[in-house]
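Dear colleague,

Here is the structure that I promised to hand over, with my notes after it. Please read the notes with the model open beside them.

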2 protein chains.
Amino acid sequence: MSDYTPPLHDLRFLIHNVIGLQTVSDIPAFAETSPDLVDAILEEAGKLASGVLAPLNRIGDQEGSVLQTDGHVRTPTGWKDAYDKFCEGGWQGISAPQTEGGMGLPLLLGAAVGELWHSANMAFALCPMLTAGAIELLTAHGSDEQRAIYLSRMISGEWTGTMNLTEPQAGSDLSKVRSTAEPEDDGSYRITGQKIFITYGDHEMTSNIVHLVLARTPDAPNGVKGISLFIVPKFVVNADGTPGERNDVKCVSLEHKLGIHGSPTAVLSFGDNGGAKGYLVGHKGHGLACMFTMMNNARLAVGQQGVAISERAYQQAVSYARDRKQGKSPTTGQDESIIHLGDVQRMLIRMRSTAEAARALSLYAAAQLDIAHHHEDENERTKAQTRANLLIPMVKGWSTDLGVENASLGIQVHGGMGFIEETGAAQHLRDARIAPIYEGTNGIQALDLIGRKLLRDNGAAVRSLITEMRMSVSKPHLDDNLSKAARMFAHAIDQLEQTTKDILSRCKNSSGLAQAIASPYLRQTSICVAGWLMFRSLEKLTDSDIEKGFAKAKGLSCNFFLAQIVPEADFMAQQIANTRHELLHETAPLF
Amino acid sequence: MSDYTPPLHDLRFLIHNVIGLQTVSDIPAFAETSPDLVDAILEEAGKLASGVLAPLNRIGDQEGSVLQTDGHVRTPTGWKDAYDKFCEGGWQGISAPQTEGGMGLPLLLGAAVGELWHSANMAFALCPMLTAGAIELLTAHGSDEQRAIYLSRMISGEWTGTMNLTEPQAGSDLSKVRSTAEPEDDGSYRITGQKIFITYGDHEMTSNIVHLVLARTPDAPNGVKGISLFIVPKFVVNADGTPGERNDVKCVSLEHKLGIHGSPTAVLSFGDNGGAKGYLVGHKGHGLACMFTMMNNARLAVGQQGVAISERAYQQAVSYARDRKQGKSPTTGQDESIIHLGDVQRMLIRMRSTAEAARALSLYAAAQLDIAHHHEDENERTKAQTRANLLIPMVKGWSTDLGVENASLGIQVHGGMGFIEETGAAQHLRDARIAPIYEGTNGIQALDLIGRKLLRDNGAAVRSLITEMRMSVSKPHLDDNLSKAARMFAHAIDQLEQTTKDILSRCKNSSGLAQAIASPYLRQTSICVAGWLMFRSLEKLTDSDIEKGFAKAKGLSCNFFLAQIVPEADFMAQQIANTRHELLHETAPLF
């Protein structure tokens, strides 16, 4: 496995020049987020990522987390030390409110830093990622007492958090949750049931773990409205805030997974001995609504994993392609490394340009979430929230698909060595493969985009985005390269507009058709929005503060994306246009 | 892991109705290959594949082949018994000449049967696949004595064969081979060197292993012309044909690979104790030329692996999608299985239609090879050889890329369960990932297509194919559905013609540009040719011997491929048109 070099240059460029830090730092809540602070934080995070987390990535894959015979889960060698260092830096609380002990920095920065953790060591970074979700949830819905007991300790990293949604029969369809919560006289609940796929469901890195659990109260209606949310700590907390007696929840097994071996994916059994002590969060029956609070941020974070793996796989492939000599230079006759071959270059630049485009897309979404949550003007908040809602399924869906595609390309660049585990290229594919699945499968993302984000407002949000994209490319006074890029890209915008119109008219009375074209529509829109950000990046490369070497390399990525990746939007548009619902609908009995 | 059902219906349809068995059985050498014989052989092979090999697939993955402390390689539980059954059926010699003890059946049938082995158990099937290459090589280049000693025993399966090409510094570039062969007084050679990535380089299933080894004689020139081919048996063969003393070749390690764990990938060390006894095959310096003899068949076989994994992953995904209940039917309100969701249907039909299209492509190539090798008319042989040469890189490159894409989709259909190893879906992705790499990486396939098969004859072979495809779709009297399909497909042909013309003119003086567009060109041509075969399949569905249920399901695959997959050729054409060589050429220093 090669070293990891945090892509600080590109992150800074995107934050400062393309997305515009000011759009966020103008908000009073983020007034302290100066450009210098951003750079300093990226620098520090980069050191921890490359120096501490990245070297543990392969060890984590080989050792995995293990459920020992004593019932405790042991994380891989070095994991706990790394976690302590992570907490010392205060990183868990980077985007948590200052009032609760966090740094209160914008998500724009939090997302950038998140990419570094995932690139360095995705299996490790899942632990803080899940805790961040729990933090967000309790910040919004926890009582004063719950926040005092649990939140501050999660923000400091002293305790971690988990999300307990899935049960064997209830995955994408949470209405099927069967775990129960019986009320006790003291206001607490006794929780019983089995939860699966619980990331960091048990480990030894902290003195307590805060499980957030979906379960049904006895009187609850069927379906999602009967589901409530509960805090179930691994150790019941004493009055003084210290972990007390062991709660009735235990890890009964860890999954044997394709990848992210370092991350313990637990089957948790609640209530084998009478019921685990749990505390209701928010209102009864609002469990799923509470979960939705953190959905956008969680999906953004998973999207960042796609970016992160693409970047890491790219760096490793470049490093191999530079060293590996096969064939001779046609000009000098000397042995030449494979990085000089056109086909290898195509694979590498495809990996790089898509990683960078997905990065731009995710940071753009993060900034919109910052505005949506913290802007003083309600109108601005609403506008940004609408935009973010539209972007999030693209970030989650497209970026994680790219993560898989790029990790696979990374293996290909390595030739035979890519298939050998010690090379490390294969781990990226194995790790990347989970991201299109969890936190809502990419199919669910696509349905969210076409259903809730397109059809529900009859296309208003998409139209507003299209208008904004069109303004960018129709600016006068573009130089030659830019006007060429603008022309190429204008076609993709026109086409997106056409596809969107067609969908709105064709899907009015057919949810079946919407389902059948949701995935290509997600890919088409994602490529268009990412293409727009690559175009905007191209425009900014002549800014006076841009270093020439960076401008050249970045220009290459942008031009490649616009010329070679954006045409895929065409292909998706054709797929959508050619989809007859009946055709697919007839298939079920034919498989 | 789900059961495996051999796709006999589709194989029979393609062989009898689409490719046309008669194009092959009209050749005197194959006069005995009657339709009934074909069906009987497919039936028998299907039984062995589904009943014996498929149940061992998961065991092979879990146990792997192991290099024991005594220096012997142990294959997984059940492997040897299965191998014995495989030999009892005479399957190793299915396409080997009757004069040498084989069945002498056409490759068209051999390829169809090969798909079944790979679908059932790819790691197992690699052993006969490599032996088949060795058989072909010795059939063409072995002396009478070599054929008498080695060939008959390989055809019966009594001994297996291996291919020893790669060394650590010599992969795609075999001119870098360093292994040496010193002549001995008795006419044999002493072989010294290290070979890596040797599939079934050692195992305990047979009493001897016939290694075919590339090495340099002392007086040999540098580069590929100095490389000769040698037989190096694991046990030196006694005068009576029995295995004698252990030769000086040993397995020093097995690779720890992403997939195909059951297949031992050996590092072989030749000559640690003075030199392994080897025997020259063919002429000195013609080692690589000898290897080329079997290249087309070997690449066809690897392409079949892509088809095979696509089919197996598809079957498993369908089985899961039928059983897995999430969500409710919008009409009945009852729990419904996910196979009724449009997005899941899209994934499944994409897997199926591409598997079937790639299958058609590979069988078409196999039939062309049969004609090229055995037709009585030299003109027909040349024509078929030219066509086969054009098709083989598509079969190998495109089908194996599809294998990876489809195995990945198969995981996605499973949701979270797909990421859990015991489900078996992940194994398909891990196994599939090698096929785009070995037997010439897919980048090499693309360069072969654009260099040797397109530019070298100035486009003649491609033009002839285009003409033939155009004739198919411009036939009069097509019914409604067919004329619609024909119109859609005619566009793809026109575009392929245009792209090809452009490439011929642009690449004349730029090998750099050819390299940079080779991969999208391979994908574009493959999709077009496969689309043509799907169109021809559609035409044949009204044949009187076609069962209605099959016709409906197959029609769906064909229509989906033409409407949803063929437009990707458009995307590839745009990529090619937008590629400026300079752009890529500049990249090397910028990565």
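Below I describe the annotated domains, then the cavities, then two individual residues.

This is a predicted model, in which local features need pLDDT of at least 70, side-chain atom pairs count only at pLDDT 80 or more, and totals for chains, interfaces and linings use all residues. Residues are numbered from 1 along each chain as its sequence is written, chains are lettered from A and ligands numbered from 1 in the order in which they are written, and side-chain values use heavy atoms, with hydrogens and water left out.

In an unreviewed entry, UniProt lists "domain: Acyl-CoA dehydrogenase/oxidase N-terminal" at residues 80-158 of chain A and "domain: Acyl-CoA oxidase/dehydrogenase middle" at residues 163-271 of chain A; such positions are in the numbering used here, the feature names are shortened, and the annotations may be inferred rather than shown by experiment. Residues 80-158 are 71% helix and 0% strand, with end C-alpha atoms 12 Å apart, whereas residues 163-271 are 0% helix and 47% strand, with end C-alpha atoms 17 Å apart. Helices (H or I, at least four residues) and strands (E, at least two) are DSSP runs, numbered from the N terminus.

The structure holds six cavities of 30 Å³ or more, a cavity being a set of points, on a 1 Å grid over the protein atoms alone, where a 1.4 Å probe fits but cannot get out, with lining residues having an atom within 4 Å of a point. The largest has about 60 Å³ of space, where a volume is the space filled by probe spheres set on the points, and grid points are joined across faces, edges and corners. Its lining consists of A:Met129, A:Leu130, A:Gly133, A:Met163, A:Met294, A:Ala298 and A:Glu439, and helix α6 (residues 107-141) of chain A gives the most to it, with three residues. Because domain 1 (1-291) and domain 2 (294-440) of chain A both give residues to this lining, the largest cavity lies between them; the domain bounds come from an automatic or database domain assignment.

A:Gln495, in helix α15 (residues 480-506) of chain A, counts as buried because its relative accessibility is 16%, while B:His9, in helix α1 (residues 8-19) of chain B, counts as partly exposed at 34%. Buried means under 20% relative accessible area, exposed over 50%, and partly exposed in between (1.4 Å probe, protein chains only). Leaving aside neighbours within four places in sequence, B:His9 is in contact (heavy atoms within 4.5 Å) with B:Glu547 and B:Phe550.

With best wishes

Terms used:
1 Å grid on protein atoms, 1.4 Å probe; cavity = no way out; pocket = protein on both sides within 12 Å on 5 of 7 lines; lining within 4 Å.
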